[in-house]
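Subject: Structure for you to look at

Dear colleague,

I am passing on the structure below, and I would be glad if you could read my notes beside it.

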Amino acid sequence: MSEPGPDRLVLPGELLGTAEEFVPGRGTYEDSGRIFAALLGHPKIDPSDRAIRVDALNAIPRLSENDTVYGRVDEIKTAMAIVTIVSAASTGRGVPGSPEGTIHISKAKDGYTETLADEFAPGDVVLARVIQSHPTVKLTTAPAYLGVVAARCQVCHALLAKHGAELECPRCGHRERRKTAAEYGQAFVPATSTGPADGEPR
Ligand SMILES: [Zn+2]
């Protein structure tokens with residue numbers, strides 16, 4: 001993986017590296033020889049013992065309408081995608097309680113959406129705008145600057161790269177569709193064992 005910069009942000013469940021590369025530290029967990037972030041924050045590596053930890057972000061008080069947020073897609077239903085909101089895009093700060101938000105099928109993109117499974121997949125990181133904050137959080141990804149900013153291959157879990165209107169897996173060649181944000185691949189550079197090229201925008 002690349003050495004994380006001071007501003008790099010990782011999401012819970014994001015791959016940080018392998019157990020051969022690092023020793024799992026605070027804010028991380030190991031599963032099947034791979035080390036993942038356990039919380040939203042900044043990854044840090046101690047060069048003396050190769051311990052990797054994640055320092056948690058401080059929380060922001062609450063969500064407001066028109067806030068732009070990062071979220072993780074948890075589930076795709078017929079009429080909506082269920083998203084866990086993890087941080088405010090403007091500050092990068094975490095949202096207390098990681099509230100759940102929904103993207104209705106009519107708010108996924110401009111124009112008609114036949115099936116949400118063509119726009120999102122579980123595990124995707126989305127940039128979305130809050131259109132209602134109470135009593136439930138409703139989100140939109142319709143504008144061009146909103147949508148999926150990081151997605152993993154459904155076959156091999158490598159980070160997908162954008163090729164024109166499609167996403168393609170640099171490892172296995174699998175092609176997938178998403179409603180991508182203009183900044184796809186730029187907001188997050190997830191750690192991979194194959195080096196930083198995986199996360200670079202094309
Ligand atoms: Zn793949």
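Phe-36 is buried, because its relative accessible area is 10%, where buried means under 20%, exposed over 50% and partly exposed in between (1.4 Å probe, protein chains only). This is a predicted model, in which local features need pLDDT of at least 70 and side-chain atom pairs count only at pLDDT 80 or more, while totals for chains, interfaces and linings use all residues. Residues are numbered from 1 along each chain as its sequence is written, and side-chain values use heavy atoms, with hydrogens and water left out.

A search of the whole structure finds one aromatic pair. Its rings, those of Tyr-29 and Phe-36, have centres 5.4 Å apart and planes at 25°, so the pair is stacked (rings of Phe, Tyr and Trp, the last by its six-membered ring, pair if their centres lie within 6.5 Å, and planes under 30 degrees apart count as stacked, over 60 as edge-to-face and the rest as tilted). Tyr-29 counts as partly exposed, because its relative accessibility is 37%.

Tyr-70 is also worth finding: this residue is buried, with a relative accessible area of 10%, and its side chain is joined to that of Glu-183 by a polar contact of 3.4 Å (a pair of N or O atoms within 3.5 Å; within protein, one must be able to donate a hydrogen and the other to accept it, and residues adjacent in sequence count only if both atoms are side-chain atoms). Between Tyr-70 and Gly-94 there are 9.3 Å in space, C-alpha to C-alpha, and the two are 24 residues apart in sequence.

Best wishes
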